[in-house]
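Work through the exercises below with the model open. Each one sets a task and then solves it in steps.

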Amino acid sequence: MSKKRPVAIDLFAGAGGLTLGFEQAGFDVLASVEYDAVHAAVHEFNFPQTATVCADVSRLTSERLRAAAAEGWARHGRKGRLSEIDAIFGGPPCQGFSFIGKRLVDDHRNQLVFHFLRVIAEIQPKYFVMENVPGMLAGGHSGILQALIREFRDIGYNMVLPVQVLNAAEYGVPQARRRLFLLGARADQPLPQYPAATCRPPQKNAKAPVRDPELPLQFDALPTGPTVWDAIGDLPDLDSFDELWETDEVTLTAAQLRSLERASSAYAATLRHPEADPNDLSHPRSWEPNVLTSSARTEHTALSVARFSDTEPGETEPVSRFYRLDPRGLCNTLRAGTGSERGAYTSPRPIHPKLPRVISVREAARLHSFPDWFRLHRTKWHGFRQVGNSVPPLLARAVARQIVAALGAKPERPEGAISLGDPRLLSYRMSEGALHFGVDPSEVPAPRQRHVDGSA
């Protein structure tokens, strides 16, 4: 087996959940493509060795992707050619397939999956991974999926069939989140396999029956996965930091840091110290563990606080319809809300399991399996949108490790920490992001049009 790290490209990258999972599995991600300039800026901050392209994939040329990959090779201190790309992965926007909303078969966003195919046809990587929502298997959308599979075969790719839907909670993520994955291999490459579950998910609600009857019996032999409290129980009470009304970060005292470290579960400890996870082969990052980030406070009315307090863990608050997390259970699926073209509504955020407030962006990131060095946009709206739109890195890692195995690679964790990007990238508005990437503002999403109330 080769110890050289395989290389990949991320399409529809968002803030980088798939990118991070593939990096953790041992890939060097050379280039990423993201249409939303705010997401692209955050991606650039977290992945400084990856060439981030802010572009609409439907307008992306192979020449531009070739140039970005070459830049990525250089940033990683490596040499290579685009013909040597081991994998291309990505999740084309899923609103057209989602069970939430109108699910229109002729939604123009559905055509982006065929632009994903076009890029595969032009670049001819050894493998591809396409991620989407389970709704792609249902109704008229199943016809789109079958047409896509036929066209992949026509360009020389075999696929692992039947297509499977994976639940992140079965791969060590304390959140119930189901995603569809289509795995393909060039005809001259062996097919990968779907990853086997690594843990038995806890119940979403600890009041539920002891055993979930929907889980196959073989799950009983697996260790139980992390809970909500395993993910966020060590984080300090944000209400004790007045500065978090004005900023999203605060420096912890030595005593506060010791308290956090002592309270960390095994799951939280690997998010704070990825080097302790033998299966995390990502490039180490240089960061400040004593700085709590992505933790801006949310102001609630006294009435909202009272309603949140009266809601039992595992129940839904009847007015806001916010779900109160059960500390011994799983988080419900974290969603992104609507984009600016649909009013910029923030999706309902869960209520903290023990405090009368909604969770913070950092707490959402923990529940999604993002490590603490990973930064989200400084605003709560964009930060939650970036978490909700992303694939949990641990789920992405499980899939990516199957591609590594099919490649016959044995990558190692790189030595030496890399610095994160310019902090200004975390505060960009859409227009500033477009300027940074040299993009015509008319080619990126419109600015946010309106806000939701303070309780969201």
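**Exercise 1. List the residues that line the largest cavity, then sort them by class.**

Step 1. This is a predicted model. In it, one part of the largest cavity's lining comes from Glu 23, Phe 27, Asp 28 and Val 29. Phe 47, Pro 48, Gln 49 and Thr 50 also line this cavity. His 76, His 283, Arg 285 and Ile 418 complete the list.

Step 2. Sort by class. Five lining residues are nonpolar, four are polar and three are charged. Glu 23, Asp 28 and Arg 285 are the charged ones.

Step 3. Add the volume. The largest cavity holds about 50 Å³ of space.

**Exercise 2. How many cavities of 30 Å³ or more does the whole structure have, and what lines the second largest?**

Step 1. The search returns two cavities at that cut-off.

Step 2. The second largest has a volume of about 40 Å³.

Step 3. Its lining includes Trp 287, Pro 289, Val 291 and Leu 292. These are its four nonpolar residues. Thr 293 is the one polar residue. Arg 272, Arg 362 and Asp 372 are the three charged ones.

**Exercise 3. State the confidence of the chain and find stretches with pLDDT below 50.**

Step 1. Mean pLDDT is 89 for the chain, and 87% of residues reach 70 or more.

Step 2. Residues 338-344 fall below 50. Beyond near neighbours in sequence, that stretch makes 19 contacts in the model.

Step 3. Residues 448-456 are also below 50. This stretch has 23 contacts beyond near neighbours in sequence.

Key:
Residues are numbered from 1 along each chain as its sequence is written. This is a predicted model: local features need pLDDT of at least 70, side-chain atom pairs count only at pLDDT 80 or more; totals for chains, interfaces and linings use all residues. Side-chain values use heavy atoms; hydrogens and water are left out. pLDDT is the predictor's confidence in each residue, from 0 to 100. Contact means heavy atoms within 4.5 Å. On a 1 Å grid over the protein atoms alone, a cavity is a set of points where a 1.4 Å probe fits but cannot get out, and a pocket is an open set with protein on both sides within 12 Å along at least five of seven lines; lining residues have an atom within 4 Å of a point. Grid points are joined across faces, edges and corners, and a volume is the space filled by probe spheres set on the points.
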